[in-house]
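Work through the following exercises with the sequence and the three-dimensional model at hand. Each task is followed by a solution that goes step by step.

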Amino acid sequence: MTRIAIIRQVVLAACVAALITTPAHAIRVGTWNMLHYTPDAENFATRQGNFRIVMGAMNVDLLVCQEMNSPAGADSFKLGVLDAVAPGEWDYHWTDVSGEGMGVFWKTAKMTTFAWAPVWKAFGLTRAVTQFGVNFTGYGPATQLNVYSVHLKAGNGAVTPTDSTKRRVEGNIIRDQLNFLSAGTPFLLMGDANFYGASEGGYQALTQSQADNDGRLKDPLPLAGNWHSVTNYSLYYTQCPCLTSCVSSDFSGGGMDDRFDLILVSYPMADLSGLDYVPSSTNAYGNDGQHYQKDINNGTNFAVGNTVATALRSASDHIPVLVTVQLPPKLGTVSRLDIGRAFVGSAAATDLPVSDATTAPADELDYAMVASPGFSVTADPQIAFVGAPPTLHAVTMDTSVPAQLNGDLTITSDDPDTASKRVLLSGTVVRHAVSSLDSSDVVTAATVNFGEHFEGDFVDREVRLHNVGADALQSLLSIASAVITGGDGRFSIDGGFTPTALGGLGKTWSLHFQEVDGTLDSTYTATLRFTTSEEAIPGQAPTSPIELTLLARTKTGNVGVGTPTRVLSFAPARPNPLSRGTSFAYQLPRAQHVSLVLYDLGGRRVASLVSGVQGAGAHEAAWNARDERGARVPGGLYFARFATDGLTRIERLIVLP
């Protein structure tokens with residue numbers, strides 16, 4: 001191989017390593033033969049320090065270990081390695097299998113394990129297979145993963161044929177037992193298989209097609225023929241990272257030239273759907289393909305760098321094998337969708353967001369939707385991809401008739417935990433609002449005649465607006481404004497105007513004509529226009545304004561030629577209720593004593609506005625809602641007492657807070 005070809009291969013290996021880095025919510029699974037990992041092992045402290053370096057760099061979430069030969073070793077690996085790298089993130093199980101221990105370590109934020117136990121020992125295995133289950137955080141039992149850890153009979157079959165024969169027996173035993181699993185069960189088998197090639201009977205038993213294929217396994221790295229000491233397979237070797245002068249006499253030495261450690265996947269985990277292994281994610285950690293029959297840290301290691309490569313050389317005589325497991329899709333949507341209110345005959349729809357709520361790598365979400373009567377949604381099959389923004393589906397409401405609609409939309413998907421999701425739907429179809437001066441008929445114009453009176457004899461008139469036929473299925477009618485034009489400014493709405501909305505009840509306004517100090521024997525005319533609108537919802541239409549003609553005429557009698565008769569009168573305060581202030585208008589036929597005093601609800605005097613003799617004619621007294629000391633009075637009910645010769649009036653006033 002030329003130098004340029006070697007460089008290209010190294011760059012390619014580095015790119016592949018970068019591409020298979022596991023995002024936060026994917027699960028990176030590893031298997032590692034720890035080689036007699038126990039505190040009484042040779043140079044244990046040195047090896048443990050190297051394990052810390054590797055675990056700090058490897059970014060694995062679930063680690064299955066062989067040759068962890070004592071519970072003290074498992075404790076030490078948890079406390080001295082994992083807790084040193086990521087305190088509080090890990091938990092573990094350990095079990096004895098024929099005098100050799102197996103351990104499993106997992107990140108508790110991502111998963112829990114259960115049913116950890118050795119199995120099938122009675123069938124004649126050299127070491128029992130260890131089985132356990134994994135439940136992933138945020139997923140239900142439908143996403144359970146079974147994992148099997150193996151350590152088959154060691155020995156080169158070319159040298160000792162009985163070793164290969166023993167592995168063939170073990171492979172058949174394991175395959176027979178795996179075939180008892182239910183069809184479609186996802187599982188992984190991993191560990192130190194000690195196979196020297198694809199022709200070994202044990203390997204073939206695990207991977208070949210049989211009449212019962214429920215237990216069949218797939219090799220993500222299917223290498224043909226002999227694997228031992230083949231240059232072309234140098235990228236896949238897992239043993240031994242140390243050539244000579246290894247840290248422990250237990251190391252086999254000889255450099256990287258055997259593929260003993262495997263991760264095999266069940267076919268349900270290789271169907272590109274749901275819980276699956278990620279293609280091209282399986283690799284021997286730290287093997288850059290450039291260290292065939294060498295120390296793994298010889299020269300430059302392009303896969304992990306020389307610090308980690310040196311730690312791998314002195315940790316164990318095996319290096320880990322890793323695979324990334326993608327999680328199934330998770331349906332992301334809402335549980336309720338209110339389309340809201342819309343008018344009859346309008347187009348009414350609201351978007352329903354649907355997404356795959358997992359984090360890559362994960363399976364895409366396949367789904368379909370159907371809505372109950374009164375609503376509609378696309379019936380075409382849909383796909384939501386991981387990491388993509390939610391797809392917005394228009395859910396349409398039938399607006400042919402007024403109605404309060406309630407129904408549901410069912411989403412069926414390949415989310416194993418939510419195969420069928422019900423979304424509650426609601427909406428209201430309403431009639432248009434009808435503005436009128438009559439509660440049972442449509443009247444949009446009228447005349448309000450205050451009549452012809454002497455000064456002081458005019459009384460307020462009332463006008464009432466309605467939303468004809470209003471009920472729960474009719475739009476509210478908004479009375480947005482009321483504008484009076486003309487009439488010399490003498491017409492007003494008592495207490496002012498505040499916008500309001502009408503449902504089934506009408507609203508009454510009191511209209512006032514200010515006759516004091518007006519032109520006698522004159523007719524005043526004005527126009528009062530109420531502007532209206534209905535709810536700003538789909539299908540909104542203009543509503544009719546209400547227009548009123550206001551009329552009032554003042555009249556006088558004659559005492560002498562050209563001499564008008566003056567009357568004694570007191571007009572109510574305007575405005576009332578009041579916020580900043582109000583005024584009182586009164587008229588005197590002659591000069592006389594006048595008293596105008598304000599009292600609170602307890603009868604205590606608040607302010608004296610007028611006290612003394614006033615001349616004949618029109619007068620006005622203002623009150624700024626303050627007491628005699630100049631302090632603003634609190635909101636509440638007050639009384640104004642007007643007294644003069646021939647007339648006494650008491651009027652209630654409401655001061656707003």
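## Exercise 1: an open sheet

Task: determine in which sense strand 15 and strand 22 pair, and place both within their sheet.

Solution. Strand 15 and strand 22 (residues 420–430) pair in the parallel sense over six bridges, where strands (E, at least two residues) and helices (H or I, at least four) are DSSP runs numbered from the N terminus, and two strands pair if DSSP finds at least two bridges between them. Within this pairing, Leu337 stands opposite Leu425 of strand 22. The model is a predicted one, in which local features need pLDDT of at least 70 and side-chain atom pairs count only at pLDDT 80 or more, while totals for chains, interfaces and linings use all residues. Residues are numbered from 1 along each chain as its sequence is written, and side-chain values use heavy atoms, with hydrogens and water left out.

Next, the sheet itself is open and has five strands in the order 15-22-21-17-19, with mixed pairing. Strand 15 (336–343) and strand 19 (382–384) each have a single partner strand and stand at the edges, so one side of each is left without a neighbour in the sheet.

## Exercise 2: two helices

Task: describe how helix 2 and helix 3 pack, and name the residues through which they meet.

Solution. Helix 2 (residues 44–58) packs against helix 3 (residues 71–85) at an angle of about 40 degrees, and their axes are 9 Å apart; axes are lines fitted to C-alpha atoms, for helices over the stretch in contact, and angles run from 0 to 180 degrees between N-to-C directions. Helix 2 is therefore oblique to helix 3, since angles under 35 degrees count as roughly parallel, over 145 as roughly antiparallel, 65 to 115 as roughly perpendicular and the rest as oblique.

Turning to the contact (heavy atoms within 4.5 Å), Phe44, Gln48, Phe51, Arg52, Met55 and Gly56 of helix 2 meet Ser76, Phe77, Gly80, Val81, Leu82, Ala84 and Val85 of helix 3.

## Exercise 3: strands that pair with strand 20

Task: find which residue of strand 20 is the bridge partner of Ala348, and which is that of Phe375.

Solution. Strand 16 (residues 348–356) runs antiparallel to strand 20 (residues 391–397), and seven bridges join them; the partner of Ala348 in strand 20 is Met397. Strand 18 (residues 375–376) also pairs with strand 20 in the antiparallel sense, over two bridges, and here the bridge partner of Phe375 is Met397.
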